[in-house]
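The exercises below are meant to be worked with the sequence and the coordinates open side by side. Each task is followed by a solution that proceeds in steps.

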Amino acid sequence: MQVDAVVLDIDGVLVDVADSYRRAIIESVDRVCGKTIDREAIQSFKDAGGFNNDWELTYAAALFVLARREGLRMDVEAFTDRIAADEDGGGLEAAKRVVSDLPSVAQARVRDQWDTDRLHDVFQALYLGEELYRELEGGDPPVSATGYIHDEPTLVEPATIADLTDRFDVGVLTGRPAAEAEIALERVDLDVPERHRFTMDDWEEGKPHPRALVELAERFDADRVAFAGDTLDDVRTARNADREDDSRVYYAIGVLTGGLTGEAGTRAFTEDGADAVLEDVNGLVDLLE
């Protein structure tokens, strides 16, 4: 697999977010709605597609919890299967359409209880902690927390960073806000110029839309690009870029250090079109040699 450029996701690839972002999803829904989902359910939402933004996954999870309370007769697997089957690409809008199965009065009660602003603020307070919340969000946090952002072990070894940046152009494509992406990149000591990254703040479409990956390839003037990520939407992003951009080749690399793990994760990545699946990102250099 010969490439000119390597593009990396952050969450589940460079840093472990099981006890940060994913924990914040679970606890935000619980604090705001009085009931929540488990970690396996989070992966069901991720696999359904359209949830590269963890705030929107939080809103969708809350919508599911509230709809169940109002009589929606679906478990989380049925709910996310409906999202995955949505013709418009899944995500939060698809979750709203699933809830429309409820009678109109029940739908109204769900909407009255569904406070996305409160969910966002609680999520950010839990994830960032009081000091970073005041710095990045402004104002006082709605809940007191030390910040789950500090509980993100690194997954990439310094030697891997050195080898990748020495041999290839390296970019970043992440659903994180820019400020939070910068914190993670500093943690793993990966210096990527701003023009070689796309964060939540830089594009509206989100994964699996190919625009950001194609634009990074253009900025690198690369003919062959590898994109490594931990979700099916990452694989779909590379596949979509390969279909859209006839002038280049894009490789999709699945990494088993996020929610997809083991044989089941390998099978899911492969069935979705991954060109290779790695135990962790540290195998990327050998794969590309």
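**Exercise 1. A bent helix**

Which residues of H7 are buried? Establish also where H7 bends and what covers its buried residues.

Solution. The model is a predicted one, and the list of buried residues in H7 comprises Leu119, His120, Val122, Phe123, Gln124, Ala125, Leu126, Tyr127, Leu128, Gly129, Leu132 and Tyr133.

Step 1: compare the span of the helix with that of a straight one. Helix H7 covers residues 116-136, and a straight helix of 21 residues would span 30 Å at 1.5 Å a residue, whereas the end C-alpha atoms of H7 are only 19 Å apart.

Step 2: locate the bend. H7 bends by about 115° at Gly129, and Gly129 is itself among the buried residues of the helix.

Step 3: identify the cover. Helix H1 (21-33), helix H3 (54-69) and helix H9 (178-188) are included in what covers the buried residues of H7.

Step 4: inspect the two ends. At the start of H7, a side-chain oxygen of Asp115 comes to within 3.3 Å of the backbone nitrogen of Asp117, while the helix is followed by Gly138, whose phi is positive, near 85°.

**Exercise 2. A threonine in H3**

Is Thr58 buried or exposed, and why? Find which residues Thr58 touches.

Solution. Step 1: place the residue, which is found in helix H3. Step 2: apply the cut-off. Buried means under 20% relative accessible area, and Thr58 is classed as buried because its relative accessibility is 1%.

Step 3: list the contacts. Leaving aside residues up to four places away in sequence, Thr58 touches Ile25, Ser28, Val29, Leu119 and Phe123; of these, Leu119 and Phe123 also appear among the buried residues of H7. Step 4: look for a polar partner of the side chain, which reaches the backbone oxygen of Asp54 at 2.7 Å.

**Exercise 3. The order of the sheet**

In what order do the six strands form the open sheet? Trace then how the chain passes from S4 to S5 and from S5 to S6.

Solution. Step 1: read the order, which is S3-S2-S1-S4-S5-S6, with parallel pairing; the edge strands are strand S3 (197-198) and S6, each of which pairs on one side only.

Step 2: check individual pairs. Strand S1 (residues 5-8) pairs with S4 over four bridges in the parallel sense, and the bridge partner of Val6 in S4 is Ala226. Strand S4 (residues 224-229) is joined to S5 by six bridges, again running parallel, with Arg224 standing opposite Val249 in S5.

Step 3: follow the connections. S4, helix H11 (residues 232-244) and S5 make up a right-handed β-α-β unit, and the crossover from S5 through helix H12 (residues 262-271) to S6 is right-handed.

Step 4: assess the cover of S5, a strand of residues 249-255 in which six of the seven residues are buried.

**Exercise 4. A tryptophan in a loop**

Where is the place of Trp203, and which residues does Trp203 touch?

Solution. Step 1: Trp203 lies in the loop between S3 and helix H10 (211-220). Step 2: Trp203 counts as buried because its relative accessible area is 7%. Step 3: not counting residues up to four places away in sequence, Trp203 touches Leu173, Thr174, Phe198, His209, Arg211 and Ala212, and its side chain reaches the backbone oxygen of Thr199 at 3.4 Å.

Note on methods. Residues numbered from 1 in each chain as written. Predicted model: local features only at pLDDT ≥ 70, side-chain atom pairs only at ≥ 80, totals over all residues. Heavy atoms only, no water. Helix = DSSP H or I, 4+ residues; strand = E, 2+ residues; numbered from the N terminus. Expected span 1.5 Å × (residues − 1). Bend = angle between axes of the 7 residues up to and from the residue. Buried < 20%, exposed > 50% of the residue type's maximum accessible area, 1.4 Å probe, protein only. Contact = heavy atoms within 4.5 Å. Polar contact = N/O pair within 3.5 Å; in protein donor to acceptor, adjacent residues only side chain to side chain. Pairing = 2+ DSSP bridges. Right-handed = clockwise from strand over helix to strand, strands pointing away.
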